[in-house]
Amino acid sequence: MAVDATQPYDDQNVFAKILRGEIPNRTVYEDDFALAFHDINPQAPTHVLVIPKGSYVCWDDFSARASDAEITGFVRAVGKVARDMGLVAPGYRLLANTGLDAHQEVPHLHVHLFAGRPLGPMLAR
Ligand code: 5GP
């Protein structure tokens, strides 16, 4: 079920539960601003999700409401995860589904990090 990107934040969403330690995850990286963990249903050899620690529904919410420190910290964390995983030279893809047409499923901002094989066209045709 896709989520409406304009809805208020729901603190019962699965990534909020992961952040609170109520659901286990395979953590790749964590700092004050971000948590990165393996996707439960990987779509590529490497499929990591990077989420901000703050309560933001989606990219729109984050870009509008997050502090400069949160935005800087999150963007740097995404880059660091890819760098530390050795993905810069082979290359990787970032994706942030936002709202209905993008079929965002979890209403807490997450950036997908895909890598580990040639990733094909940007969108299904
Ligand atoms: P979206 O469609 O919202 O961009 O992507 C949501 C992603 O979250 C999907 O790739 C899905 O596999 C992943 N996901 C959903 N529930 C869980 C979970 O409980 N743990 C982990 N690690 N990933 C999850």
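1. F74, in this predicted model, has contacts well beyond its sequence neighbours: leaving aside those within four places, F74 touches F33, A34, V50, I51, P52, W59, F62, L109 and V111.

2. F74 belongs to the largest nonpolar core, which has 18 residues; A36, V48, V50, F62, F74, V81 and L113 are the members that touch the most others. At least two residues of this core come from each of β2, β3, α3 and β5, and α3 gives the most, with 5 residues. Another core lies apart from this one and has 7 residues, among them F15, I18, F37 and L49. In soluble globular proteins, nonpolar side chains tend to be buried together.

3. Helix α3 runs over residues 68-84, 17 in number, and spans 24 Å from first to last C-alpha, close to the 24 Å expected at 1.5 Å a residue. Its buried residues are G73, F74, A77, V78, G79, V81 and A82. The cover over these buried residues includes the strands β1 (27-30), β2 (34-38), β3 (46-52), β4 (93-95) and β5 (111-115), as well as helix α2 (59-65). Just after α3, G86 adopts a positive phi of about 75°.

4. The ligand is surrounded by 17 residues, and D39, N97, E105, H110 and H112 are the closest. Two side chains place a polar atom by an oxygen atom of the ligand: that of N97 at 2.9 Å and that of H112 at 2.8 Å. For H38, a backbone N or O atom lies 2.9 Å from a ligand nitrogen atom. Of the 520 Å² of accessible area that the ligand has on its own, the protein covers 84%.

Technical notes:
Residues numbered from 1 in each chain as written. Predicted model: local features only at pLDDT ≥ 70, side-chain atom pairs only at ≥ 80, totals over all residues. Heavy atoms only, no water. Helix = DSSP H or I, 4+ residues; strand = E, 2+ residues; numbered from the N terminus. Expected span 1.5 Å × (residues − 1). Buried < 20%, exposed > 50% of the residue type's maximum accessible area, 1.4 Å probe, protein only. Contact = heavy atoms within 4.5 Å. Core = buried A, V, L, I, M, F, W, Y, C linked by side-chain atoms within 4.5 Å. Near = heavy atom within 4 Å. Polar contact = N/O pair within 3.5 Å; in protein donor to acceptor, adjacent residues only side chain to side chain. Areas by Shrake-Rupley, 256 points an atom, 1.4 Å probe, with all protein chains shown as cover.
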